[in-house]
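The exercises below are meant to be worked through with the sequence and the 3D view side by side. Try each task before reading the solution that follows.

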Amino acid sequence: MIKYIISFLLLCSPILAFAEPGIPAMTVTSADDGGQSYTVTLQILALMTVLTLLPAALMMMTSFTRIIIVLAILRQAMGVQSTPSNQILLGLALFLTLFIMNPVFQTAYDEGVKPYMDGQIEALTAIEQASQPFKAFMLAQTRESDLELFANIHGNMQLETKADVPFTLLLPAFVTSELKTAFQIGFIIFIPFLIIDLVVASVLMAMGMMMLSPMLISLPFKLMLFVLIDGWALLMGTLASSFYV
């Protein structure tokens, strides 16, 4: 886990590469009266700024976006508004993201972070090498139509190969593609639960029980259907395999 965090720090902190080596984290100035004042350097300020960007990087550059949206749509389709809770869904999405992104994190660590920590390469080279696995992962999940869209918005940027795609263009295209894919998966998940709701509503109306909520009656059937088909295993397996097909 620690090396994954270091990988993200190195990937998301190009500003630290321009800091002068050997700058102390804190300087102490002694006054004439014996007092001391402490000054935190800009290097630490930049590091703290990068740390605040880690959650956004985790959501926007990994599989987290697709997973959390699909899980939220599943909960809505089943009609259980607060079960599983938001904390459980976020934790499930986070650890499934770590499982899916493990090869990417490992490659980024081996090619960028570890050589930099061993003093074999410079910071800028480490950032470039550590970013390549993330770039390859995002390109594999991004639709060409979305890349063309943002390239045209940028000003008809000519991209001969995928290696020419800059991160500033790839990030919005990747997020757009992930949103499309997540809603497509969510639509397919929603259909069987919607059919159950329609059947239950029709039966209740035929029986003249119009004052009884169809959602209240259909909920046990939807839960039973989801459990009988081993829905959680199917959903987790589908989400994980959707990134490597």
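**Exercise 1. Decide whether Phe 187 is buried, partly exposed or exposed, and find the surface patch that includes Phe 187.**

Solution. Keep in mind from the start that this is a predicted model. The relative accessible area of Phe 187 is 56%, and because the limit for an exposed residue is over 50%, Phe 187 counts as exposed. Next, place the residue in the fold: Phe 187 belongs to helix H7, which covers residues 167-206. Finally, look at its partners on the surface, where Phe 187 joins Ile 188, Ile 191, Ile 195, Val 199, Val 203, Met 207 and Met 209 in a nonpolar patch of about 760 Å².

**Exercise 2. Describe the overall make-up of the chain and say how confident the predictor is in it.**

Solution. Begin with the elements: the chain holds nine helices and two strands, and their order along the sequence is α-β-β-α-α-α-α-α-α-α-α. Then turn to burial and surface, where 36% of the 245 residues count as buried, while the chain exposes about 14,400 Å², of which carbon and sulfur atoms supply 69%. Contacts come next: among those between residues at least 6 apart in sequence, 70% join residues at least 24 apart.

For confidence, the mean pLDDT of the chain is 77, and 78% of the residues reach 70 or more. Among the elements, the lowest mean pLDDT, 48, belongs to helix H1 (residues 2-11), and the highest, 89, to helix H3 (residues 64-78). Over residues 12-23 the pLDDT is below 50, and this stretch has 17 contacts in the model beyond near neighbours in sequence.

**Exercise 3. Work out which parts of the chain are linked by the salt bridges, and how buried the partners are.**

Solution. Side chains of opposite charge can pair when their charged atoms come close. With a limit of 4 Å between nitrogen and oxygen, the count comes to three salt bridges.

- In the pair of Glu 178 and Arg 66, the N to O distance is 2.6 Å. Glu 178 lies in helix H7 and Arg 66 in helix H3, so this salt bridge ties together parts that are 112 residues apart in sequence. Glu 178 is buried at 0% relative accessibility, and Arg 66 is buried at 2%.
- In the pair of Lys 180 and Asp 146, the closest N and O atoms are 2.9 Å apart. This pair links helix H7, which holds Lys 180, with helix H6 (residues 144-155), which holds Asp 146, across 34 residues of sequence. Lys 180 is partly exposed at 37% relative accessibility, whereas Asp 146 is buried at 2%.
- In the pair of Lys 222 and Asp 197, the N to O distance is 3.3 Å. Lys 222 is in helix H8 and Asp 197 in helix H7, 25 residues apart, and both residues are buried.

**Exercise 4. Identify the residues of the largest nonpolar core that touch the most other members, and trace which helices supply this core.**

Solution. The core has 45 residues, and within it Leu 235 and Leu 239 touch the most other members. At least two residues of this core come from each of H3, H4, helix H5 (123-141), H6, H7 and H9, and the largest share, ten residues, is supplied by H3. To follow one of these residues in the view, start at Leu 235 and, leaving out residues up to four places away in sequence, find its contacts with Val 70, Leu 71, Leu 74 and Ile 189.

**Exercise 5. Find the surroundings of Leu 94 and state its exposure.**

Solution. Leu 94 sits in helix H4, residues 86-117, and has a relative accessible area of 29%, so this residue counts as partly exposed. Apart from neighbours within four places in sequence, Leu 94 is in contact with Leu 58 and Phe 64. The C-alpha atoms of Leu 94 and Thr 65 are separated by 9.9 Å, and these two residues are 29 apart along the chain.

**Exercise 6. Explain what stands out in the backbone at Asp 230.**

Solution. Most residues other than glycine have a negative phi. Asp 230 is not a glycine, yet its phi is positive, about 55 degrees. Asp 230 is located in the loop between helix H8 (214-228) and helix H9 (231-241), and with a relative accessible area of 47% this residue is partly exposed.

Definitions and conventions: Residues are numbered from 1 along each chain as its sequence is written. This is a predicted model: local features need pLDDT of at least 70, side-chain atom pairs count only at pLDDT 80 or more; totals for chains, interfaces and linings use all residues. Side-chain values use heavy atoms; hydrogens and water are left out. Patches are made of residues with over 30% relative accessible area and no salt bridge: like charges are joined within 9 Å, nonpolar side chains (Val, Leu, Ile, Met, Phe, Trp, Tyr) within 5 Å. Accessible areas come from the Shrake-Rupley method with a 1.4 Å probe; for residues, only the protein chains shown count as cover. A salt bridge is a side-chain nitrogen of Lys or Arg within 4 Å of a carboxyl oxygen of Asp or Glu. Helices (H or I, at least four residues) and strands (E, at least two) are DSSP runs, numbered from the N terminus. Buried means under 20% relative accessible area, exposed over 50%, partly exposed in between (1.4 Å probe, protein chains only). Contact means heavy atoms within 4.5 Å. pLDDT is the predictor's confidence in each residue, from 0 to 100. A nonpolar core is a set of buried Ala, Val, Leu, Ile, Met, Phe, Trp, Tyr and Cys residues joined through side-chain atoms within 4.5 Å.
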